[in-house]
Amino acid sequence: MTALTTAEQAVVQRRTVLILSFGQVLGGIAFGATVSLGALLAADISGDDALSGLATASVTLGAALCAIPLARLAGRVGRRRALTLGNLFALVGIAIVILAAALRIFPLLLAGILLIGAGNAGNLQSRFAATDLAAPQHRGRDLSIVVWATTIGGVAGPLLLGPGEIVGQAIGMPPNTGSYLFSLVAQSAAFVLYLVALRPDPLLAAQRLTSDAAANASAAQIVDRPAVARYAIFAVAGSHVVMASVMAMTPIHLSHMAHAAHGGHATSADISLLVGVTIALHVAGMYALSPVFGILADRWGRLRVVLLGQALLAASLVFAIVANDQTWGVMTALILLGLGWSAATVAGAALLTEASAPELRTRRQGRSDSLMSLSAAAGAVLAGIVLSNFQYAGLGVAAFALVIAITVLAPLGRMPQGAVPR
């Protein structure tokens with residue numbers, strides 16, 4: 001296939017963003033259920049709340065282990081094959097989680113969640129796929145549209161907990177696994193969508209364009225900014241750790257609140273409703289306004305929106321510290337937590353792309369996703385320990401350290417004028 005013309009590139013880019021967006025809707029359903037139920041299943045099967053953080057740790061570890069291999073695979077054979085492989089991992093993981101819940105085998109549960117996390121590495125890669133053929137002035141917008149599409153699935157996933165339990169009980173599934181049936185269907189649909197519709201492959205098309213530009217003697221010099229790229233990776237990873245660690249422990253904290261409100265006798269339906277609504281609001285915060293943050297990143301600059309994200313994360317942690325014994329306080333904290341993550345992730349991913357020369361982008365994108373997930377896995381484990389010893393407010397205080405570090409190191413993320421590569 002020959003390189004695309006400018007007009008063809010615009011058409012393919014619009015189609016690519018649309019396909020990736022549909023895929024994120026479907027993938028968000030599967031991941032939303034895992035986030036909501038993983039901690040509860042881990043606490044129930046292990047019998048120890050302190051081990052509940054291992055569920056989030058496993059899903060993020062799975063994403064970390066597969067981020068670099070999937071990015072390298074994409075660099076060699078394109079995004080389409082990398083994304084479909086991620087979907088296969090998630091499908092196997094969902095089946096293993098259901099089996100582990102039936103057999104009540106804790107290590108098997110973690111293995112299944114880890115594979116779902118491996119599938120989520122593909123979902124994370126989708127946002128970078130949206131930038132492969134994007135015009136530089138619209139990179140933030142296109143990336144954020146794909147991130148925004150996750151809102152539908154990500155909000156629907158937690159809200160399907162109740163209906164999922166009804167369906168699961170009707171067919172004899174283990175407790176807290178019914179909604180994984182919806183995840184299985186959604187993940188299968190995403191697999192077919194990417195396999196059939198993501199053509200031409202956006203990364204392979206972009207590589208051909210870059211090759212032609214490099215061969216043109218009049219092509220503009222491509223600038224690489226490794227120091228800026230390192231800051232972008234740190235900002236994205238640090239913001240993700242803050243979000244993941246607090247979110248991972250929120251279902252457990254809400255479970256304790258529900259029991260306290262019902263004299264120690266809250267039903268699983270009461271807890272599922274409270275957790276489902278809160279996580280749905282959080283996921284809405286993560287994705288619903290991402291196009292706004294993408295447009296702001298294009299207009300204001302990437303670094304300013306990264307710092308806006310830190311301000312929102314700080315506000316979230318304040319609510320988690322001072323109003324953690326009130327349902328409205330926890331919900332407000334989780335909404336702000338999602339908004340802060342969205343701003344920092346959208347702007348940080350755009351900054352990383354623009355700070356990297358084309359031949360280095362997929363490698364650095366894979367490193368970014370891997371570090372983000374590894375750090376969040378460690379954060380989730382530590383969050384469980386912090387929650388057990390210092391309660392929810394203590395977790396909020398501990399998370400402040402990363403917000404401060406990202407803010408203080410912000411001068412490292414400045415891109416010189418005219419340094420944005422093709």
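This is a short walk through three helices, H11, H12 and H13, in a predicted model.

**First stop: helix H11.** Select residues 290-300, which form H11. Now colour Ser290, Phe293, Gly294, Leu296 and Ala297, the buried residues of this helix. Turn the view until you look down the axis of H11: these buried residues fall within an arc of 165°, so they line one face of the helix. A general rule helps here: an α-helix has 3.6 residues a turn, so residues three or four places apart point the same way.

**Next, add helix H13.** Select residues 327-355 to bring up H13, whose axis lies 9 Å from that of H11 at a packing angle of about 40°. The two helices are therefore oblique to each other, and their crossing is right-handed. To see where they meet, show side chains for Ser290, Phe293, Gly294 and Ala297 in H11, then for Leu339, Ser342, Ala343, Val346 and Ala347 in H13.

**Zoom in on Leu296.** Is this H11 residue buried or exposed? Leu296 is buried, with a relative accessible area of 18%, which is under the 20% cut-off. Leaving aside residues up to four places away in sequence, Leu296 touches Gly301, Val305 and Leu308. Measure from its C-alpha to that of Ala343 and you should get 9.2 Å, although the two are 47 residues apart in sequence.

**Last stop: past the end of H11.** Click on Gly301, which follows H11 and has a positive phi, near 110°. Then select residues 302-322 for H12, a helix of 21 residues that reaches 31 Å from first C-alpha to last, close to the 30 Å expected. Its buried residues include Val305, Leu312 and Leu317.

Methods
Residues numbered from 1 in each chain as written. Predicted model: local features only at pLDDT ≥ 70, side-chain atom pairs only at ≥ 80, totals over all residues. Heavy atoms only, no water. Helix = DSSP H or I, 4+ residues; strand = E, 2+ residues; numbered from the N terminus. Expected span 1.5 Å × (residues − 1). Buried < 20%, exposed > 50% of the residue type's maximum accessible area, 1.4 Å probe, protein only. Arc of directions from axis to C-beta. Axes fitted to C-alpha atoms, helices over the stretch in contact; angles between N-to-C directions. Parallel < 35°, antiparallel > 145°, perpendicular 65-115°, else oblique. Left-handed = near helix turned anticlockwise from the far one by under 90°. Contact = heavy atoms within 4.5 Å.
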